[in-house]
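Reader: Hi! Could you walk me through how some helices pack here?
Author: Happy to, let's have a look together.

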Amino acid sequence: MLKFWKKKTGTRDSGLGTRDSADTDAAGQQPEQAPEGLAASSQTGLDAQASPDLDTPTVIADSQTLENPQPQSQGHLERRIPDLERAISHPESPVPSPESRGKQGWRERLAGSVFNRDIRTLFARNPKLDENLLDELETALIGADVGVAASTDLVDDLRKRMATREFADADALLAALRGDLVALLGPVARPLRVESAQKPFVVLMVGVNGVGKTTTIGKLARHLQKHKHSVMLAAGDTFRAAAVEQLRSWGDRNGVAVIAQGSGSDSASVIFDALQSARSKNVDVLIADTAGRLHTQTGLMDELAKIRRVLAKLDANAPHEVLLVIDGTTGQNAINQTRQFLGAIGVTGLVVTKLDGTAKGGVVFALAKEFGLPIRFVGLGETADDLREFEPAAFVDALLPASIGSGSS
């Protein structure tokens, strides 16, 4: 018995002593013992179902352990056989898609919003269906930047349906609110589509200072690369000295060429040169940065019109997309900015940033109600992968409480 214990201890040390590539070595030996589908199981969550016992042969795959499996380890293998057979028969089915992983993050990202907090607080006490509830709901919606027009329409619809006794309880009213919110956003949920007939497809990025425009450009470049598009960036923000370096940093990070000139150069000239370069290199998409400007700065707004005129000399349809970047925390200012940029340059789509954290969140509904412009993307975090295509159902579900009285976000 003593000799057996020493042998087992040696096996454990052997597995741990092969640096942290022991798992890799083990994975590398799997094709010799099972079809290729078995290797895929380590990426589908099957390993997470097995016990992390160090004596398990699937973790420490040295020859001594395989020759002398312990009874407990054999039990782990027996329990895993059905899962492994399913992985071999259907290796593709257990793998979660990037889209499904993104949807799972919406609630977590938006849990701190004012919209989520106030609506959750209102319904957590399982309120009585009456006018007081509707008044409180309207106040909460307006306070979360949904806007007076949209809030009034939403509550009036609920009031009419409540009068016909459509709702049995507050839970039913919350479900109806969810449906109305999704319906409001449905028409504006139109993802950006790069037209292959327009090459290069020119995207002009506009917005006021501080909305995260240059960062959004870097994230958008990553998104387009994932969809197999080649990308070039134009450093058209010659007004701010650090803007060119910031864009170059994103270019280096994504492996994307950046066309730039010195600080103070003519922005239209930079973007014109970039379009010529993108054409010669057969690039799919050119994303052009522009100087952050207040919507009240007439001179800088006029510069946007100049950029459009200059681009038209090479391509009468350029820019093919004008994305206005809006800070989701700015409320009514976002409405004013959209109105001014729409008149100056002809905005074709919106990107709403900074919706994670403590943003109110309701401005998205106000924008949809007021303008009906496509909301192409929303920014839900700091990483390059946190620029998400807008999904109304996922967005609304993340803002509303999971259920009445649960207090969950």
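Author: First, a bit of vocabulary: angles under 35 degrees count as roughly parallel, over 145 as roughly antiparallel, 65 to 115 as roughly perpendicular and the rest as oblique. This is a predicted model, where local features need pLDDT of at least 70, side-chain atom pairs count only at pLDDT 80 or more, and totals for chains, interfaces and linings use all residues. Residues are numbered from 1 along each chain as its sequence is written, and side-chain values use heavy atoms, leaving out hydrogens and water.

Reader: Thanks! At what angle do H10 and H11 pack?
Author: H10 and helix H11 (residues 148-163) pack at about 160 degrees, with axes 9 Å apart. Axes are lines fitted to C-alpha atoms, for helices over the stretch in contact, and angles run from 0 to 180 degrees between N-to-C directions. Helices (H or I, at least four residues) are DSSP runs, numbered from the N terminus. H10 and H11 are therefore roughly antiparallel.

Reader: And what about H9 and H10?
Author: Helix H9 (residues 114-124) packs against helix H10 (residues 131-143) at about 170 degrees, and their axes are 9 Å apart. That makes H9 roughly antiparallel to H10.

Reader: Which residues in H9 meet H10?
Author: In H9 they are Val114, Phe115, Asp118, Ile119, Leu122 and Phe123, where contact means heavy atoms within 4.5 Å.

Reader: New topic: what does Leu220 touch?
Author: Not counting residues up to four places away in sequence, Leu220 touches Leu192, Val203, Met205, Ile287, Leu323, Phe377 and Leu387.

How values were computed:
Helices (H or I, at least four residues) and strands (E, at least two) are DSSP runs, numbered from the N terminus.
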